[in-house]
Amino acid sequence: MEKKYVRETRCFKTARVFPTDVNNHNTLFGGKLMSYIDDIASIAASKLCRVNTVTASTDSVDFLYPINPTDSVTLESFATWTGRSSMEIFVKVIREDLKTGEKKIAATAFLTFVALDENNRKLIVPRIIPETEEEKKLYETAPDRAAMRKQRREESKKFADFLTVTYPWE
């Protein structure tokens, strides 16, 4: 079984917060940040397996501190755990006040990606090897998140059976 170090999947993205990026609270629009998160997570997923990947779920995006127009936002992403064809990707969002240099973790997110071949069939992904304390902690706690993810997905499927697909005007 192929293995890769977590560091081989690590990637970064830094952006300035512009006036067009903020909401009515004058903080970074959550949808913009979620787009950044999915983008950087997809790169980490691709670096792990070097094939097509798709987002299977966004387990959580926890907004911890607002990101202001005086801040830059840096996203760090890497694989934290792998299943057979799926991989958990962690994204850490760091806000930095560009005037004071103060940094804070502004958000965290866990996403699941699946590796696919040219015919959209699932592929086996490499196992990962954590090295740092942060990587090891995320790796050790991943099975619990995977179990919660599986349960939530089953509940979502059952719930979807109760939802209608007709529009009110039909």
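# Group meeting: a walk through the salt bridges and loops

Let me open with a pair of side chains: Lys92 and Glu134 meet in a salt bridge, with N and O 3.0 Å apart. Lys92 sits in strand 5, residues 86-97, and Glu134 sits in helix 2, residues 133-162, so this pair ties together parts that are 42 residues apart in sequence. Before I go on, please keep in mind that this is a predicted model.

How exposed are the two partners? Lys92 has a relative accessibility of 12%, so Lys92 counts as buried. Glu134 comes out at 35%, which makes Glu134 partly exposed. And this pair has company: salt bridges that share partners join Arg10, Glu76, Lys92, Glu134 and Glu135 into one network.

Let's stay with that network for a moment and look at Arg10 and Glu76. Their side chains meet in a salt bridge too, at 2.3 Å from N to O. This pair links distant parts of the chain: Arg10 is in the loop between strand 1 (3-5) and strand 2, Glu76 is in strand 4, and their positions lie 66 residues apart in sequence. Are Arg10 and Glu76 buried or exposed? Both of them are buried.

How many salt bridges does the structure hold? The count is 12. One more that I'd like to show you is formed by Asp117 with Arg121, where the closest N and O atoms are 3.5 Å apart. Asp117 is buried, because its relative accessibility of 12% is under the 20% cut-off.

Now let me step back to the whole chain. It has two helices and seven strands. Reading from the N terminus, the order is β-β-α-β-β-β-β-β-α. So that you can picture the dimensions, the C-alpha atoms fill a box of roughly 55 × 45 × 30 Å along the principal axes. The chain has 170 residues, and 39% of them count as buried. If you take contacts between residues at least 6 apart in sequence, 74% of those join residues at least 24 apart.

On the outside, the chain exposes about 10400 Å², and carbon and sulfur atoms supply 53% of that area. As for charge, there are 27 positive and 25 negative side chains. Where do the two sets sit relative to each other? Their centres lie 3 Å apart.

Next stop, a nonpolar patch on the surface. Which residues form the patch? They are Leu64, Tyr65 and Ile105, and together they have about 270 Å² of accessible area. If you want to find Tyr65, look in the loop between strand 3 and strand 4 (71-82). With a relative accessible area of 40%, Tyr65 is partly exposed.

Two asparagines deserve a look for their backbone. Most residues other than glycine have a negative phi. Asn26, though not a glycine, has a positive phi of about 60°. Asn26 belongs to the loop between strand 2 (11-16) and helix 1, and at 45% relative accessibility Asn26 is partly exposed. Asn120 is not a glycine either, and Asn120 also has a positive phi of about 60°. You'll find Asn120 in the loop between strand 6 (103-116) and strand 7 (127-129). Asn120 is exposed, because its relative accessible area of 58% is over the 50% cut-off.

I'll finish with two residues and their neighbours. Asp38 is in helix 1, and its relative accessible area of 31% makes Asp38 partly exposed. What does Asp38 touch, leaving aside neighbours within four places in sequence? Its contacts are Thr55, Leu111 and Phe113. Take Leu111: Asp38 and Leu111 are 73 residues apart in sequence, and their C-alpha atoms are 7.9 Å apart in space.

The other residue is Val51, in the loop between helix 1 (30-49) and strand 3 (52-63). Val51 is partly exposed, at 29% relative accessible area. Not counting residues up to four places away in sequence, Val51 touches Ser46, Ala115, Leu116 and Leu123. As for Tyr5, Val51 and Tyr5 are 46 residues apart in sequence and 17 Å apart in space, C-alpha to C-alpha.

That's my tour, and thanks for listening!

Technical notes: Residues numbered from 1 in each chain as written. Predicted model: local features only at pLDDT ≥ 70, side-chain atom pairs only at ≥ 80, totals over all residues. Heavy atoms only, no water. Helix = DSSP H or I, 4+ residues; strand = E, 2+ residues; numbered from the N terminus. Buried < 20%, exposed > 50% of the residue type's maximum accessible area, 1.4 Å probe, protein only. Contact = heavy atoms within 4.5 Å. Patch = residues over 30% accessible without salt bridge, like charges linked within 9 Å, V, L, I, M, F, W, Y side chains within 5 Å. Areas by Shrake-Rupley, 256 points an atom, 1.4 Å probe, with all protein chains shown as cover. Salt bridge = Lys/Arg side-chain N within 4 Å of Asp/Glu carboxyl O. Lys, Arg positive; Asp, Glu negative; His and termini not counted. Charge placed at Lys NZ, Arg CZ, Asp CG, Glu CD.
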